Amino acid sequence: MSLFNDLFKAGIIKEQEVVELNKALEHSTSEPNEILEVLCRFYQEKILADKHNTGTIWTNGLPQEDHKDYFPDEPMFLKFVEILYRNKVISEIAYQKIKRVPLKGDQFSYCSVLHLSIEFMSFSRFFSLEEQLAFAELLSAESSNGSGRLINEQEKEKLFFDIKAGNLKTNLDFFSYCHGCRFIELSAYKNKEQDLLKNLVKILNELIDDAFSIIEITTYKEDFKGARDDCNKQRTVIIDTGNRKHQYRSIFFENETRTEYNPKIFMYDILRFVNQMLADFNRSYRLTGISNNLHEQLFQDSKSPFAICRFREENNNVLDFYDMQQRFLIHTFSPLLYKSPLSYTHIQYAFYHIKKCGLLFHLGDEQLDTIMSNVYKNTYNNIRDLFDVFPDMTAFASHMINAGQKPYRDFLLALNRISHGVLNFTEISDGIPGQFNYGTAATFKISFNCNGNYHELDYDLIGKEFNDKIIYYVINEIIQKQYNEYQLIQLANNSHQYNAYLFVTKQQREYLESMKIIEIEDLGFNGSFISNDR
């Protein structure tokens, strides 16, 4: 291919690498994006093979124009971009944008350029005139029940005119035509949190005028003293509505050199808290934050605009995850949020029945009062989250396990805690190998005593996945045969990282089910899934 020959003549790749790259393209259509991806994989492999390299390529880590490593005239870098353009692998617009990116001529920079090129070409494909007109129709269409239009007729006419005139720069611009959306330029509030909060109060009151009125939002930060070692700071947000001050907390990591808490996360947190208040007021809409997911080197100032938009359930199709991804947009919303966060009334209802059925017998009145006093300072997406508030209530099994852990021993010990004396696992031997990876094939034994009876299981190692065999064994061979008035049930869970289990009597399960705290789906054994809905 002439592209690879040109890169060889320019001294960017070796002659043997021309052969390798041509071979890699043998079964492709030779479309620009495929060529870019082949080149990108080529440079990634080169970087990974370099025994002196300990870094990782991230295009969002590119230096800014005032960075000390700014090399706008670096000849090899410019030559590389020019060859891509001359061979029609990137468009002229992409060429003009990318050649201004501050990079030098090495394999790291070539890899970054290819990432940026792929991003820009993908963006261009989904920002064509046809795609823009289709998105405008989607935003201005009525839902099946005759409501839910996000753009009125007057704004729709203006939007279509601006599309045809080429006035829109990114897909985020569409939301400036929506009557239920407001914009904040986050870059204008750097180190000006109080000013940001004042403007935010004004915007929120415009969007939720039929629910409540916010007088003031204040925050404070303090050390987090919880058990999680990946977070060391806690931020409390206080939303004052006049007759009540609503307090919410979020945790994050911070040290002298970096923080995981930034203005965008701050905005997401506040919107999540306001959505809980909207649920309490039984409103049928929620707020979501929408922003660009584009690299600033390609789209200057694209990270700064932040749209706060009001959505009803009938507008869900606009926020389809994959469609938003193709449009290079990110947001904080999911359809489940119309039923969550749980309202105060819903939380009170659930706690009343959880306590009434006897699941909290192991907690003293003083301990329970302390827990309940903090309950309303947090948000809960579903009832499953409420069970975690109480100690020794749920047992967890992570989907993935790592070398050095004893996951099956830990799970059995957790069952000791949540069964409160009914099950007593002792002398546990978890024979999982000390070292393994995804490709390791091994067998091992797990043995233990349960209330004086000895049990031994032969186990197969399934890569780094937790093997559910022990859970089925405990349910079918121990609980069902020896303690059949009890059940170990699996809680419905939105997490892809772990499963959570609850130990209950049959009467407790039936009561919680009848009160619609839980719903049961039979899995063919005495464990069951619990849904999120009340």
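## Helix α15

A residue counts as buried when its relative accessible area is under 20%. In this predicted model, the residues of α15 that meet this criterion are P407, Y408, F411, L412, A414, L415, N416, I418 and S419.

Helix α15 covers residues 407-419, and because a rise of 1.5 Å a residue leads one to expect a span of 18 Å for its 13 residues, the 18 Å that separates its end C-alpha atoms agrees with that expectation. The residue that follows α15 is H420, which has a positive phi, near 50°.

## Packing of α4 against α6

Helix α4 (residues 75-86) packs with helix α6 (residues 107-125) at an angle of about 35°, the two axes lying 10 Å apart, and the crossing is right-handed. On the α4 side the meeting residues are M76, F77, F80, V81 and L84, while α6 contributes Y110, V113 and L114. By class, this contact consists of 8 nonpolar residues, with no polar and no charged ones.

Helix α6 itself has 19 residues and extends 27 Å from its first C-alpha to its last, close to the 27 Å expected at 1.5 Å a residue. It is also mostly covered, in that 15 of the 19 residues of α6 are buried.

## Packing of α9 against α10

A second helix pair is formed by α9 (residues 193-207) and α10 (residues 263-280), whose axes come within 12 Å and cross at roughly 35°; here too the crossing is right-handed. From α9 the contact draws on E193, L196, L197, L200 and L204, and from α10 on F266, M267, I270, L271 and V274. The contact of α9 with α10 comprises 9 nonpolar residues, no polar residues and 1 charged residue.

## T219 in strand β2

T219 lies in strand β2, which runs over residues 216-223. With a relative accessible area of 17%, T219 falls under the 20% limit and is therefore buried.

The side chain of T219 makes a polar contact with the side chain of E193 at 2.6 Å, and another with the side chain of R235 at 3.3 Å. Leaving aside residues up to four places away in sequence, T219 touches E193, L197, R235, T236, V237 and F266. Among these neighbours, E193 and L197 belong to the α9 side of the contact between α9 and α10, and F266 belongs to the α10 side, which places T219 in contact with residues from both helices of that pair.

Definitions and conventions. Residues are numbered from 1 along each chain as its sequence is written. This is a predicted model: local features need pLDDT of at least 70, side-chain atom pairs count only at pLDDT 80 or more; totals for chains, interfaces and linings use all residues. Side-chain values use heavy atoms; hydrogens and water are left out. Helices (H or I, at least four residues) and strands (E, at least two) are DSSP runs, numbered from the N terminus. Buried means under 20% relative accessible area, exposed over 50%, partly exposed in between (1.4 Å probe, protein chains only). A polar contact is a pair of N or O atoms within 3.5 Å; within protein, one must be able to donate a hydrogen and the other to accept it, and residues adjacent in sequence count only if both atoms are side-chain atoms. Contact means heavy atoms within 4.5 Å. The expected span of a helix is 1.5 Å times one less than its number of residues. Axes are lines fitted to C-alpha atoms, for helices over the stretch in contact, and angles run from 0 to 180 degrees between N-to-C directions. A crossing is left-handed if the near helix is turned anticlockwise from the far one by less than a right angle, and right-handed if clockwise. Ala, Val, Leu, Ile, Met, Phe, Trp, Tyr, Cys and Pro count as nonpolar, Asp, Glu, Lys and Arg as charged, and the others, Gly among them, as polar.
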